[in-house]
Amino acid sequence: MRKTGNTISRRGFATVLAAGLLATGLAACSNSDTGGDGGDGGDGKIVLGFSQVGAESGWRTANTNSIKEAAAAAGIELKFDDAQQKQENQIKAIRNYIQQKVDVIAFSPVVESGWDTVLKEAKDAGIPVILTDRAVDSADKSLYKTFLGSDFVKEGRLSGEWLVEQTKSATGPVNIVELQGTTGSAPANDRKKGFAEAIAANPNLKIIASQSGDFTRAGGKQVMEQFLKANPKIDVLFAHNDDMGLGALEAITAAGKVPGKDITIITVDAVKDGMQALADGKFNFIAECSPLLGPQLMDLAKKVHAGEQVPPRIETEETTFTQEQAKEALPNRKY
Ligand code: AHR
């Protein structure tokens, strides 16, 4: 895989992705695909224990596929566990990986807090840990080798800055409702922060309601229904991911309003369904969050296993999309 500085080369991804698909096809998905018999399954392969957040969104499915495909392409034995959005399941999976003496542990932490004890256990066992996608708030940075993922604050800020530009001639209040991601998760905390900081530039922009929809379509629909009942005038929806925005579309249409026109909709992710809604004029703007972390993760796993130094933070390269840009990008969208 090619990297440009600390960012991702899309062509590099495509090559590794295609190689993985040709060589192995998609690995079957289950809550726990343990494969092999523990650390270094006897065939000299690096064994990577990975604890995934869950299967809450289109983004997550694409991320899981990227990791499984990249592991196969890199010749890494992957032990995969789906934590179903529960921190206790992730802690259990990490402890299992420690017991099995895997070579490297990676995980995408469902929430930011409460990881110090289990991370210390991994460190004491001499197993290097890589964070992917989401950060932890541990003060002791020696508990993990690196954090590979997006800048969520920036995604929120870019969303807010677009809205500030669109509403610069507004003379009265612009009422915003916010669908937050999973409570306590890094993307929910950071996107909220970045968005709030950016919209502070225009005092007309006001967040009148903000609640978690847990990053799911069902959550987005249900919370948007409540927002619509409680607030007669909603001008803008900021949803922390596409799936919640897609769920909210149903609630908005059922309330007799036209999404993308009566209510401006801003989301994060840019998965195919979200991009389709943007190209169709139902969403108005998306800040991209790339799930294709698999190839870089495998590269890092090999390096930390070999005792090589890796940068403590590796940021994913991302962009934003307007309706016109979505129409252009859709035919080549990978996820
Ligand atoms: O951590 C990344 C976030 O988690 C994605 O934006 C969201 O769709 C997912 O569930």
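In this predicted model, the search for enclosed space yields one cavity of 30 Å³ or more, and the largest cavity holds about 90 Å³ of space. Its lining is formed by 13 residues, of which Trp59, Arg60, Arg134, Arg191 and Asp269 are the closest to the centre of the cavity. When the lining of the largest cavity is divided by class, six of its residues are charged, five are nonpolar and two are polar. Two helices, helix 2 and helix 6 (186-199), each contribute at least two residues to this lining, and both of these helices also take part in helix pairs, as described below.

Helix 2 (residues 58-74) is paired with helix 10 (residues 294-305), the two axes coming within 8 Å and crossing at roughly 50°. Because of this angle, helix 2 and helix 10 count as oblique to each other, and their crossing is right-handed. On the side of helix 2, the contact involves Ser66, Ile67, Ala70, Ala71 and Ala74, which meet Gly294, Pro295, Leu297, Met298 and Lys302 of helix 10. By class, seven residues of the contact between helix 2 and helix 10 are nonpolar, two are polar and one is charged.

Helix 6, for its part, packs against helix 5 (residues 152-166) at an angle of about 35°, and the axes of the two helices lie 6 Å apart. The crossing of helix 5 and helix 6 is right-handed. Helix 5 enters this contact through Phe152, Val153, Glu155, Gly156, Arg157, Ser159, Gly160, Glu161, Leu163 and Val164, while helix 6 supplies Ala186, Pro187, Asp190, Arg191, Gly194, Phe195, Ala198 and Ile199. Sorted by class, the residues in the contact of helix 5 with helix 6 comprise nine nonpolar, four polar and five charged. Arg191, named here as a contact residue of helix 6, is also one of the residues closest to the centre of the largest cavity.

A further pair is made by helix 8 (residues 242-254) and helix 9 (residues 272-279), which pack at an angle of about 50° with their axes 9 Å apart. This angle makes helix 8 oblique to helix 9, and helix 8 passes helix 9 in a left-handed crossing. The residues that meet are Asp242, Leu246 and Leu249 in helix 8 and Asp273, Gly274 and Ala277 in helix 9. In terms of class, the contact of helix 8 with helix 9 has three nonpolar residues, one polar residue and two charged residues.

Definitions and conventions
Residues numbered from 1 in each chain as written. Predicted model: local features only at pLDDT ≥ 70, side-chain atom pairs only at ≥ 80, totals over all residues. Heavy atoms only, no water. Axes fitted to C-alpha atoms, helices over the stretch in contact; angles between N-to-C directions. Helix = DSSP H or I, 4+ residues; strand = E, 2+ residues; numbered from the N terminus. Parallel < 35°, antiparallel > 145°, perpendicular 65-115°, else oblique. Left-handed = near helix turned anticlockwise from the far one by under 90°. Contact = heavy atoms within 4.5 Å. Nonpolar A, V, L, I, M, F, W, Y, C, P; charged D, E, K, R; others polar. 1 Å grid on protein atoms, 1.4 Å probe; cavity = no way out; pocket = protein on both sides within 12 Å on 5 of 7 lines; lining within 4 Å. Points joined across faces, edges and corners; volume = space filled by probe spheres on them.
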